[in-house]
Amino acid sequence: MSSNYLENNPDEKGFFGKFGGSFIPPMLEEPFAKITQTYNELKNDPKFIEDLKYVRKHYQGRPTPISYAKNLTNYCGGAKIYLKREDLNHSGAHKLNHCMAEVILAKHMGFKKVIAETGAGQHGVALATAAAYFGLECEIHMGEVDIAKEHPNVVRMKILGAKVIPATHGLKTLKEAVDSAFESYVGQADTAIYCIGSVVGPHPFPMMVRDFQSIVGIEAKEQFAEHENGAMPDNIVACVGGGSNAMGIFAPFIDEDSVELYGVEPLGRGEGLGNHAATLTYGEEGVMHGFNSIMLKDENGDPAPVYSIGSGIDYPSVGPEHAHLKDIGRTKVGLCDDKEAVDAFYKLSQLEGIIPALESAHAVGFAMKLASQLPKDKTILINLSGRGDKDIDFVVENHPIPNAKF
Ligand SMILES: *Cc1c(COP(=O)(O)O)cnc(C)c1O
């Protein structure tokens with residue numbers, strides 16, 4: 001393992017090993033090259049760093065704490081479980097970490113408008129929040145199915161001043177939302193910028209979003225040491241849709257060989273194409289949405305239909321860096337199905353007083369299985385990517401509250 005992983009990855013063309021890169025229409029090459037160039041300048045610019053630090057501390061609510069989940073630990077009966085509380089970010093998830101930075105970049109480049117896709121609505125809400133704060137227009141594309149399922153987030157985006165455009169083709173979920181947003185962006189790339197919602201898309205987005213999210217891991221390293229006498233976690237667990245919250249907490253630990261890194265994929269209803277979104281587990285190499293990665297393909301080689309109870313993690317590809325880190329054996333992939341995620345959703349709520357997002361509940365569900373197999377002197381740090389307010393109606397309607405007292 002190279003001792004300088006982050007400095008050496010990606011290469012200047014945006015490749016993490018064979019994954020990543022930029023596969024875009026010729027007309028987008030110049031706008032993307034300009035974004036790359038601006039980002040490379042800005043990331044070392046003291047004013048940019050200062051602006052970002054300021055909003056994180058005084059607006060967003062950073063640093064977010066690490067909580068020891070004592071009751072959940074006792075329940076599982078094994079390794080100690082800690083939670084990095086990204087649910088406590090303003091707007092309810094880790095997404096604001098990259099949205100604030102992307103909008104500062106957009107403003108610096110003179111754009112008037114930000115465009116993006118959203119799955120569960122969290123990226124849309126975070127981007128609408130950042131756009132409102134910095135005074136830019138915001139256009140969000142969202143699958144019709146997700147619009148129905150995540151109604152409160154749709155209302156939040158509209159209240160925040162964003163325009164919400166339904167994606168009405170195909171399965172009407174996250175992949176179609178990306179198609180729709182990309183199409184809209186192509187027509188207005190001179191006045192607007194596409195703010196991708198995860199560590200996916202063409203270069204430089206997987207690198208940029210990782211860098212913006214790495215604050216999660218940087219804080220976690222210091223905070224965890226405070227809890228555990230200067231030690232590092234033995235295991236880090238995060239859910240993986242596109243993979244931004246996972247890359248954020250993994251990044252500063254990649255060179256720490258003693259720390260096991262687990263990305264958890266949604267197994268949905270179980271094995272079989274169309275029942276899950278476990279891309280790294282069942283996928284194969286392929287290009288989609290402008291980057292080369294591991295992808296779930298149908299019989300024609302097109303993106304396969306995917307499913308998960310977590311709307312923010314049902315995506316048929318995955319961030320290229322996750323494909324690379326798995327390829328070189330640095331990360332492991334965990335699985336959590338719908339049922340285990342719902343169980344974890346209620347367990348964390350009833351044992352710790354924290355209602356997790358359904359996406360984050362996948363990390364919790366896998367960590368519970370892992371904890372019960374490990375001795376009590378081992379530790380697990382979960383990235384609790386978001387809070388579950390957006391999911392409560394859907395969960396309660398479909399999965400009755402266990403041990404309901406009323
Ligand atoms: C969007 C979202 C995710 C999935 O996105 P990643 O890029 O894979 O992190 C996970 N958890 C929550 C709460 C989200 O809003």
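Biologist: Hello! Where in the chain does P204 lie?

Modeller: P204 lies in the loop between strand 8 (192-194) and helix 10. Those names are DSSP runs numbered from the N terminus, where a helix is H or I over at least four residues and a strand is E over at least two. This is a predicted model, where local features need pLDDT of at least 70 and side-chain atom pairs pLDDT 80 or more, while totals for chains, interfaces and linings use all residues. Residues are numbered from 1 along each chain as its sequence is written, and side-chain values use heavy atoms, without hydrogens or water.

Biologist: What makes the bond between H203 and P204 cis?

Modeller: Its omega is about 15°, and the bond is cis. R62 to P63 is also a cis peptide bond, with omega near 0°; P63 sits in the loop between helix 3 and strand 3 (66-68). Most peptide bonds are trans, and most residues other than glycine have a negative phi.

Biologist: What is phi of S91, positive or negative?

Modeller: Positive: S91 is not a glycine, yet its phi is near 80°. S91 is placed in the loop between strand 4 and helix 5.

Biologist: Why is the pair E285 and K18 called a salt bridge?

Modeller: The term asks for a side-chain nitrogen of Lys or Arg within 4 Å of a carboxyl oxygen of Asp or Glu. In E285 and K18 the closest N and O atoms are 3.4 Å apart, so the pair qualifies. Between domain 1 and domain 2 the count is 1 salt bridge.

Biologist: Which residues make up domain 1 and domain 2?

Modeller: Domain 1 takes 15-57 + 95-209, and domain 2 takes 61-92 + 214-398. Such bounds come from an automatic or database domain assignment.

Biologist: How many residues of domain 1 are in contact with domain 2?

Modeller: 38 residues of domain 1 are in contact with 45 residues of domain 2, where contact means heavy atoms within 4.5 Å. About 3300 Å² is buried between the two domains, 60% of it from carbon and sulfur atoms. That is the accessible area (1.4 Å probe) lost on putting two parts together, summed over both.

Biologist: What makes E228 and K80 a salt bridge?

Modeller: Their closest N and O atoms are 2.8 Å apart, which is under the cut-off, so the name fits. The two partners come from distant parts of the chain, 148 residues apart, with E228 in the loop between helix 11 (215-227) and strand 9 (235-239) and K80 in strand 4 (residues 80-85). By this rule there are 18 salt bridges.

Biologist: Which residues are closest to the ligand?

Modeller: The closest are K95, S198, G243, S244 and S385, out of 19 that surround the ligand. A residue is near if one of its heavy atoms lies within 4 Å.

Biologist: What distance separates a polar side-chain atom of N245 from an oxygen atom of the ligand?

Modeller: That distance is 2.7 Å. A polar contact is a pair of N or O atoms within 3.5 Å (within protein, one must be able to donate a hydrogen and the other to accept it, and residues adjacent in sequence count only if both atoms are side-chain atoms), so the N245 pair meets the rule. S385 places a side-chain N or O atom 2.7 Å from a nitrogen atom of the ligand.
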